[in-house]
Amino acid sequence: MKKVKWKQYVLILLCAALLCAEGTVNAMGKGSGMGEGTDKWRISGEEFLFEDKDIVGFIGDSITHVEYTQISYQEFLYNYYITRFPQRELEFRNLGTGSFTAEDVLKLYGGTEVYDAGLEGITKAVIMLGMNEALTGVDAKEYIGNIRALTELLEEKGLESTDIILVAPTPFDQTRTSNYQEDGQMNAHFDDLLTEYTSGLRILAEELGTYYIDLHTPLLWATTMVQKENGDATLTIDDSVHPSGIGNVLAGYFFLCQQGAEETVASVRISETGNVVTENAQVKSLKERGNRYVRFSYQPASLPMAVPLEVKAADQSFGMLDEISREILQVEGLDWDTVYEVHMDHVLVEKFTGAELAQGVNLASYDWNPGQTAAKDIEVLNQEWHKISANYRAVLREATREEKTATQEEIDAAYGKWEENSKELRTQMYEKAQSSVEKAYLVEIISEDAHVWRGQELWQWALEGAAALLLLSALVLVRRRRRKVK
């Protein structure tokens, strides 16, 4: 049996207790795999979501910089904010620099050697550092001292303490089987230091009055879940340091939970008597034909989160989307065992039984939901934002290394190019989101035996066709008679 240090056992047990991990997804699609809700991760006890016109700087190391995967945790956050709040306009800035420590960030923003314009004008700062300190053995006291100094530096530059979020860093995966020797000893145990940093950051945030988010503890728990079936499974890439695509998605998810992110995109609930209750949506022109056919005009005020491959994979393992992206359709009074097709703008989204529709179904992640289609278009632009951000940070990294292979002029040029392209991408993303929520969609719920096409059953089309044919024949006869009279 592999030996694990007692600190790891305590932390794993704490994670399991906090999250109440074991569970299933109920009929409403509300997952319990990550816990019963987001409240247990709202550390401050209050919501602290980003607001309209915020410029959020994500300060960090390579885990924020992210050159090694198509998706980053801050990109996942952007996915949420643009789709959930299309009328807000947020600017995210990736200020992560590969190989950086908190001391390096202090030198960058407190010194005069290199100037990074990316920090200027930010209204919120998210600080996640610590991995490089742990890898080089920096003790917790020195690490916390540098984070304190960085927080004070940001306050000197105009931010309030409540504009700053201190983030406990993602874990080093030391529990995977490939990190053990044959005698059960660990090859590396850098996460012990990260555990100490996590405790110290919580205390520091309370002392300074900043917000605090813990990505370390829940991601450790998630790691134990994937390693139950495969001891060498990991939420990092092969180096055990950098979160994989799924790891970044989960990091973004846990971040949102602790910010107090709401789960509801929109909801429509139609009672058996035809009473309609909506949340974050408008419903008009409701028509019902017994329990065979229901239609209405539907205009949600938000979009569901986009579900690219990394998000889909994370959701399949952890069921996290049901906690933060729920577009609920609930219709009572249908035949319990009958299968119904749900169409949006005459396109089949999915089939459900009357029983499932009575309890409520989540339409958010289905590919042919028009909102999901628009969200995926936005996500393509979002991933391009991630790419150009990483390119800009790579130039700055080269300028701060000992070799200094990039100049200030090159930094400024890289920033200018990023600023221009980022603004263009941001404009396109918000225009796409805003135009999407300005549309109303036709929703049809059709019984499997109703044979409805474009709002009418086939017999109605046949009847109307026959009537049209008779009318046409009558017109032809009238025309012929007129010709004979002439």
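1. In what order do the four strands of the open sheet lie, and is the pairing mixed or of one sense? In this predicted model, the strands follow the order β7-β6-β10-β13, and the pairing among them is mixed. The edges of this sheet are formed by β7, spanning 276–279, and by β13, spanning 361–362, each of which pairs on one side only. As a general point, strands of a sheet pair through backbone hydrogen bonds, in either the parallel or the antiparallel sense.

2. Within that sheet, the pairing of β6 with β7 can be described in more detail. Strand β6 covers residues 264–270, and its pairing with β7 is antiparallel, running over four bridges. R269 is found opposite V277, the latter being a residue of β7.

3. Helix α7 deserves a separate comment on its geometry and burial. It takes in residues 191–208, which is 18 residues, and from first C-alpha to last it reaches 25 Å, a span close to the 26 Å expected at 1.5 Å a residue. The buried residues in α7 are D191, D192, L193, L194, T195, Y197, T198, G200, L201, L204 and A205, a list in which two aspartates, D191 and D192, appear alongside leucines such as L193 and L194. Just after the helix, G209 adopts a positive phi of about 80°.

4. On internal space, the structure holds three cavities of 30 Å³ or more, and the largest of them contains about 80 Å³. Its lining is made up of T170, P171, F172, D173, L219, T223, L235, T236, P243 and G247. By residue class, this lining divides into five nonpolar, four polar and one charged.

5. The second largest cavity holds about 50 Å³ of space, and V268, F296, Y298, E327, I328, L329, L363 and V443 line it. Two elements give two or more residues to this lining, namely β9 (293–300) and β10 (326–331), and of the elements involved β10 gives the most, with three residues. The lining here divides into seven nonpolar residues, no polar ones and one charged. Strand β10 is also a member of the four-stranded open sheet discussed in the opening point.

6. Turning to the aromatic side chains, the count comes to 22 aromatic pairs. One of them joins Y78 and W385 in an edge-to-face arrangement, with 5.2 Å centre to centre and 70° between the planes. Because Y78 lies in helix α3 (residues 73–84) whereas W385 lies in helix α13 (residues 370–400), this pair ties together parts that are 307 residues apart in sequence. Both partners are buried: Y78 has a relative accessible area of 1%, and W385 likewise has a relative accessible area of 1%.

7. A further aromatic pair, between Y81 and F85, is tilted, with 6.0 Å centre to centre and 40° between the planes. Y81 and F85 are both buried. These two residues, together with Y78 and W385, belong to one aromatic cluster, which is formed by F50, F58, Y73, Y78, Y80, Y81, F85, F92, F255 and W385. A colleague inspecting the model may thus wish to view the pairs and the cluster together, since Y78 and W385 are members of the cluster and also form the edge-to-face pair.

Conventions. Residues are numbered from 1 along each chain as its sequence is written. Side-chain values use heavy atoms; hydrogens and water are left out. The expected span of a helix is 1.5 Å times one less than its number of residues. Buried means under 20% relative accessible area, exposed over 50%, partly exposed in between (1.4 Å probe, protein chains only). Two strands pair if DSSP finds at least two bridges between them. On a 1 Å grid over the protein atoms alone, a cavity is a set of points where a 1.4 Å probe fits but cannot get out, and a pocket is an open set with protein on both sides within 12 Å along at least five of seven lines; lining residues have an atom within 4 Å of a point. Grid points are joined across faces, edges and corners, and a volume is the space filled by probe spheres set on the points. Ala, Val, Leu, Ile, Met, Phe, Trp, Tyr, Cys and Pro count as nonpolar, Asp, Glu, Lys and Arg as charged, and the others, Gly among them, as polar. Rings of Phe, Tyr and Trp (its six-membered ring) pair if their centres lie within 6.5 Å; planes under 30 degrees apart count as stacked, over 60 as edge-to-face and the rest as tilted.
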